[in-house]
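Subject: Structure handover

Hi there,

Here is the structure I promised to pass on to you. Have a look at it first, and then read on for what turned up when I went through it.

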Amino acid sequence: MDALNQTRVTEFVFLGLTDNWVLEILFCVAFSATYVLTLCGNILIMVTIVFTEHLHTPMYFFLSNLSFIDICLSSVTVPKMLDGLLLERKTISFDNCIAQLFFLHLFACAEIFLLTVMAYDRYVAICTPLHYLNVMNMRVCVQLLFALWWGATVHSLVQTFLTIRLPYCGPNIIDSYFCDVPPVIKLACTDTYLTGMLIVSNSGTISLTCFLALVASYTVILVSLRKQSAEGRWKAPSTCSAHFMVVALFFGPCIFIYTRPDTSFSLDKVVSVFYTVVTPLLNPLIYSLRNEEVKSAMKHLRQRQVFFIKSCT
């Protein structure tokens, strides 16, 4: 409580991605287009799954939730980044900064847990296909979804508490384009070594543990494929290859950033852009372009829309 009463800083100043105004304009155009495509692509996936009955399965139930999380995760950082690219002074209030890092960790952790759940879904579907509908029924899916959001909320609350309990009485310049726990706690007017270790043990452990669990599940899947027919050995990897690509694209940056206590590299900004801006765009592209069921459903949905428009006119 005393630490909170000592808080002096009322706003933080971002250094942003660059101080070159030409690059700022180029980044603004590029990331604006990326953000719009992210929203459109993920909304399209959710609409396609909702209005296509044969896609009402656990795999696509989780995929629609992944699209929702990607929209939220991107919306936490990108609008503020675009705002900063257009302004000479890039500032954020203390309260808004805390809110941003809370929702950043909420949605990022939810995505980590969801990708782990999706790997378990693929494991059951490929290794025990006869029991799949019994094991992964809708009740279980909803329970898993509730559990991952509960876990993500607890994680985010811990990260936020560890941040706001520190006193901030002087430096207020953040060498980034958004508020995250590691760069913010560096500005605290006290020793943050123990806090930094607690943060790493929380975020780093979650990222690394879930990633290792994913690797283990895919290893079991590959081993089990030896017992299947030639057709099964080809079809099974194709059903989870897109998922594995998403896992590699998302977990790589998270492990790189959150398993290093009290250290920073010039590459951090690039890595941060990748998992907050690029990955949410790549997810719908990977799942739609590499998934024949989704592409077919989108085509059918478009035909139904055209038919509906013609019948109305």
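In this predicted model, Val13 has Thr91 as its bridge partner in strand β2. The strands involved are β1, residues 11-14, and β2, residues 91-93; they run antiparallel and are joined by three bridges. Val13 also stands opposite Ile173, which belongs to β3. Here the sense is parallel: β1 pairs with β3 (residues 173-174) over two bridges. So much for the strands.

For the wider setting, the protein chain has 11 helices and three strands. In sequence order the pattern reads α-β-α-α-β-α-α-α-β-α-α-α-α-α. Of the 313 residues in the protein chain, 48% are buried. If you take the contacts between residues at least 6 apart in sequence, 80% of them join residues at least 24 apart.

Helix α6

I spent some time on α6, which covers residues 138-164. How far apart should the ends of its 27 residues be? At 1.5 Å a residue the expected span is 39 Å, and the end C-alpha atoms are indeed 39 Å apart, so the two values agree. At the N-terminal end, Asn137 acts as the cap, with a side-chain oxygen 3.1 Å from the backbone nitrogen of Arg139.

Which residues of α6 are buried? They are Cys141, Leu145, Leu148, Gly151, Ala152, His155, Ser156, Gln159, Thr160, Leu162 and Thr163. Many of you helix people will know the background: an α-helix has 3.6 residues a turn, so residues three or four places apart point the same way. The cover over the buried residues of α6 includes α3 (58-86), α4 (94-127), α7 (181-185) and α8 (193-224). As for Cys141, its relative accessibility is 0%, so Cys141 counts as buried.

Disulfides

There are two disulfides in the structure. One of them joins Cys97 to Cys179, with an S to S distance of 2.0 Å. The torsion about that S-S bond is about -115 degrees, so the disulfide is left-handed. Cys97 sits in helix α4 and Cys179 in the loop between β3 and α7, so this pair ties together parts that are 82 residues apart in sequence. Cys97 and Cys179 are both buried.

The other disulfide is formed by Cys169 and Cys189, whose sulfur atoms are 2.1 Å apart. Cys169 lies in the loop between α6 and β3, while Cys189 lies in the loop between α7 and α8, so the parts tied together here are 20 residues apart in sequence. Are these two cysteines buried or partly exposed? Cys169 is partly exposed, at a relative accessible area of 41%, and Cys189 is partly exposed too, at 34%. If you number the bonded cysteines of the protein chain in sequence order, the pairing comes out as 1-3, 2-4.

What about Cys210? Cys210 is in no disulfide, and the nearest cysteine sulfur, that of Cys109, is 7.3 Å away. With a relative accessible area of 10%, Cys210 is buried.

Aromatic pairs

The count of aromatic pairs comes to 13. One of them is Phe102 with Phe103, an edge-to-face pair at 5.1 Å centre to centre, with 80 degrees between the planes. Phe102 counts as buried at 18% relative accessibility, whereas Phe103 counts as partly exposed at 37%.

Phe107 and Trp149 make another edge-to-face pair, with 6.1 Å from centre to centre and 85 degrees between the planes. This pair links distant parts of the chain: Phe107 is in helix α4 and Trp149 in helix α6, 42 residues apart. Phe107 is buried, with a relative accessible area of 11%; Trp149 is partly exposed, with 21%. Ring pairs link Phe102, Phe103, Phe107 and Trp149 into a cluster.

Best wishes

How values were computed
Residues numbered from 1 in each chain as written. Predicted model: local features only at pLDDT ≥ 70, side-chain atom pairs only at ≥ 80, totals over all residues. Heavy atoms only, no water. Pairing = 2+ DSSP bridges. Helix = DSSP H or I, 4+ residues; strand = E, 2+ residues; numbered from the N terminus. Expected span 1.5 Å × (residues − 1). Buried < 20%, exposed > 50% of the residue type's maximum accessible area, 1.4 Å probe, protein only. Contact = heavy atoms within 4.5 Å. Polar contact = N/O pair within 3.5 Å; in protein donor to acceptor, adjacent residues only side chain to side chain. Disulfide = S-S within 2.5 Å. Phe/Tyr/Trp six-rings, centres within 6.5 Å; stacked < 30°, edge-to-face > 60°.
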